[in-house]
Amino acid sequence: MEGDRVLLEVKEKYFPPKELVEGANVKDYEKLYAESIRDREGFWDKVAKELHWFKEWDKVLEWNYPHAKWFVGGKTNITYNCLDRQIELGRKNKIAYIYLDERDRERKITYGELLELVCKIANALKELGVKKGDRVSIYMPNSIEAVACMLACARIGAIHSVVFAGFSEGALRMRIEDAKAKVLITATYTLRRGKKIDLLSVAKKATQGLDFVERIVVWDRDREGVKGEKLIDLYSLIERQKPHCEVEVMDSEDPLFILYTSGTTGKPKGVLHTVGGYMVNTYYTSKVVFDLKENDLYFCTADIGWITGHSYIVYGILANGTSSLIVEGAPNYPDVGRWWRYIQRYRVSILYTAPTAIRMFMRHGSEFLKEYDLSSLRILGTVGEPINPEAWLWYYKYVGGQRCVIVDTWWQTETGSHMITTIPSYPMKPGKAGKPFFGIEAKVVDKDGKEVPPNTVGFLVIKSPWPSMLRTCWGEPQRYEKYWNTIKGYYFTGDLASYDEEGYFMILGRSDDVLNVAGHRIGTMEVESAVVENERVAECAVIGKPDPVKGQRIKAFVILKEGVKPSKEVEESIKQTVREVLGPIAVPDEIEFVEKLPKTRSGKIMRRILRAKELGLELGDTSTLED
Ligand code: WT7
């Protein structure tokens with residue numbers, strides 16, 4: 001695909017409403033962008049001063065390719081900025097979160113109450129012996145409790161590793177083991193489409209035999225009573241704690257959290273983010289890209305188990321003192337009206353969601369939306385995968401009533417915050433994420449690092465460091481260096497992209513063996529390893545196929561062991577294996593039994609050939625093919 005011209009070109013530009021431009025937190029993108037590139041350090045220095053530091057930094061940036069340190073020597077605590085400072089600014093009684101569980105039960109928490117809850121959990125963790133630098137795994141549903149547990153870790157300097165509650169035993173165990181978590185925090189269950197998913201059983205199985213896990217703290221949602229080895233009830237534990245907990249004074253470069261994400265090998269990588277740079281970058285992108293104002297009600301539909309939840313449900317949003325809506329469960333359960341009812345009921349002004357959800361709603365037409373008053377909406381965001389112009393226009397017209405702006409935010413777990421998007425005061429182009437954010441130099445290059453001409457597909461790379469970039473991969477420094485060594489001089493994003501004459505970027509998807517299924521990043525090798533755990537499977541290769549709603553769907557080619565006959569039953573048992581090892585999101589949609597897989601002479605599976613055959617494309621270079 002690299003080098004191809006982009007066929008689908010969106011010519012039309014959409015302009016933000018005048019009032020929105022006039023009231024925007026940043027009105028002149030071009031001017032500020034030029035400034036931010038001319039004096040990157042001066043730019044971030046000014047932004048960082050908007051936040052609270054116990055001690056200011058001596059130097060904004062120390063760049064030792066490929067290692068960066070930001071706000072060097074600075075001392076702060078991200079929870080001080082997210083909580084204590086908000087109270088100092090008079091937001092003690094302001095709503096931090098309105099939470100709705102899948103049964104539609106509402107719970108509200110103010111900034112003042114959230115601080116108290118966080119302090120109690122922080123004190124509880126201290127009582128359990130958790131210290132600065134210790135790892136705490138969090139395997140919980142989207143909830144106020146989960147957010148509070150993340151913040152409690154950050155308050156005492158423990159490194160949290162949140163594991164998406166949709167992952168199963170194998171995926172959870174790998175993450176707990178890799179991080180050597182001292183404590184695991186979980187919940188008795190989560191609800192998905194009315195079904196109870198027993199998280200506690202998964203947590204117990206996933207930690208079996210892991211001696212370094214000293215305690216499993218359980219949010220006992222229905223007060224059923226938790227008993228068992230290592231188990232301890234969250235609320236009884238915090239009942240006896242003091243509501244004050246001094247923050248741990250953290251160095252700017254101290255670790256904040258690990259978040260595992262899929263790569264091209266079978267093992268996900270533990271992306272490590274640090275306190276200072278991540279805090280400044282998520283705070284500022286939240287403020288500018290969502291144009292946050294005092295009376296906004298912001299609704300991000302992501303799960304805290306992903307980076308979107310970390311940066312734009314928790315840290316960046318709280319650092320701005322904003323009120324948010326947070327929900328548990330599926331967008332279309334009990335019916336497709338769920339989100340729109342909430343938007344109407346609570347007067348949501350900013351909605352941040354994924355293209356896959358938009359395409360799911362689109363299948364129901366647009367009539368159903370007319371039942372809801374969506375006039376409170378001002379800004380619509382999308383993230384996770386390319387949004388096709390058709391879905392963009394549907395979102396713009398029917399959700400936004402042609403008066404809202406759309407911010408199509410391109411970024412990654414590794415980048416920590418938004419990297420490419422048009423900001424609300426800037427003209428939009430459907431299907432194009434838009435322009436690099438302040439301080440970000442994005443380029444489209446060929447494999448030798450040479451810039452390609454406009455409207456040509458190439459690799460999307462970033463030229464210089466930014467505050468919330470990942471600092472390393474937990475325990476695997478060589479994997480970190482690969483980001484900066486693949487194309488010399490650049491951070492390699494793994495995405496294909498093009499840019500047009502006006503400098504708008506269009507993201508075309510991954511260039512590597514990473515799938516994007518409904519906005520979830522899944523490694524082909526991870527799925528393959530899960531499939532071969534089924535005792536009847538000899539070999540497996542996995543590819544992604546285009547899907548009208550999910551973006552991509554998973555297809556697995558499977559060679560069965562000698563003597564095993566293909567059948568529906570074998571197919572189901574393979575799916576069950578993947579469900580147990582990784583979780584429902586990684587289950588192949590299609591399984592084809594084959595006798596042979598295309599391989600190179602050195603034995604590497606050529607997924608490219610499978611993909612081309614499957615989609616009826618040209619096979620390309622087959623000179624390395626074994627046979
Ligand atoms: C990959 C990163 C960033 C939070 C969610 C995903 C794809 C992300 C967009 C967008 C086109 C996008 C890319 C990227 N992606 N946002 N606006 N347009 N593609 O985080 O799991 O780290 O995945 O998601 O392929 O590399 P992630």
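Helix H11 (307-318), strand E20 (405-409) and strand E25 (505-510) each supply at least two residues to the shell around the ligand, and these three elements offer a convenient way into the structure, which is a predicted model. Sorted by class, that shell is made up of six nonpolar, six polar and five charged residues. Of the 17 residues around the ligand, those that come nearest are Asp408, Thr409, Thr413, Asp495 and Arg521.

Some of these residues can be followed down to single atom pairs. A nitrogen atom of the ligand lies 2.8 Å from an N or O atom in the side chain of Asp408, and a nitrogen atom of the ligand is likewise found 2.8 Å from a polar atom of Thr409, although here the atom belongs to the backbone. At Thr413, an N or O atom of the side chain is 2.5 Å from an oxygen atom of the ligand. On its own the ligand has 560 Å² of accessible area, and the protein covers 95% of this.

From the ligand, strand E20 leads into the first sheet to be described here, an open sheet of seven strands with mixed pairing, in which the order is E5-E4-E17-E16-E18-E19-E20. Strand E5 (106-110) and E20 stand at its edges and have a single partner strand each, so one side of each is left without a neighbour in the sheet. From one strand to the next, the twist averages 20°. At the E5 end, strand E4 (residues 95-100) runs antiparallel to E5 and is joined to E5 by five bridges, and the bridge partner of Ile95 in E5 is Thr110. Helix H11 packs on this sheet, where it touches E4, strand E16 (297-300), strand E17 (323-327), strand E18 (350-353) and strand E19 (379-383), and the direction of H11 makes about 165° with that of E16.

Strand E25, in turn, leads into another open sheet, which consists of four strands in the order E21-E22-E24-E25 with antiparallel pairing. What are the edge strands of this sheet? They are strand E21 (442-445) and E25, each of which pairs on one side only. The twist in this sheet averages 45° from one strand to the next. Between the edges, strand E22 (residues 458-462) and strand E24 (residues 491-499) run antiparallel and are joined by four bridges, with Gly458 standing opposite Ala497 in E24.

Taken together, E20 is an edge strand of the seven-stranded sheet, E25 is an edge strand of the four-stranded sheet, and both strands supply residues to the shell around the ligand.

Technical notes. Residues numbered from 1 in each chain as written. Predicted model: local features only at pLDDT ≥ 70, side-chain atom pairs only at ≥ 80, totals over all residues. Heavy atoms only, no water. Near = heavy atom within 4 Å. Polar contact = N/O pair within 3.5 Å; in protein donor to acceptor, adjacent residues only side chain to side chain. Areas by Shrake-Rupley, 256 points an atom, 1.4 Å probe, with all protein chains shown as cover. Nonpolar A, V, L, I, M, F, W, Y, C, P; charged D, E, K, R; others polar. Pairing = 2+ DSSP bridges. Axes fitted to C-alpha atoms, helices over the stretch in contact; angles between N-to-C directions. Contact = heavy atoms within 4.5 Å.
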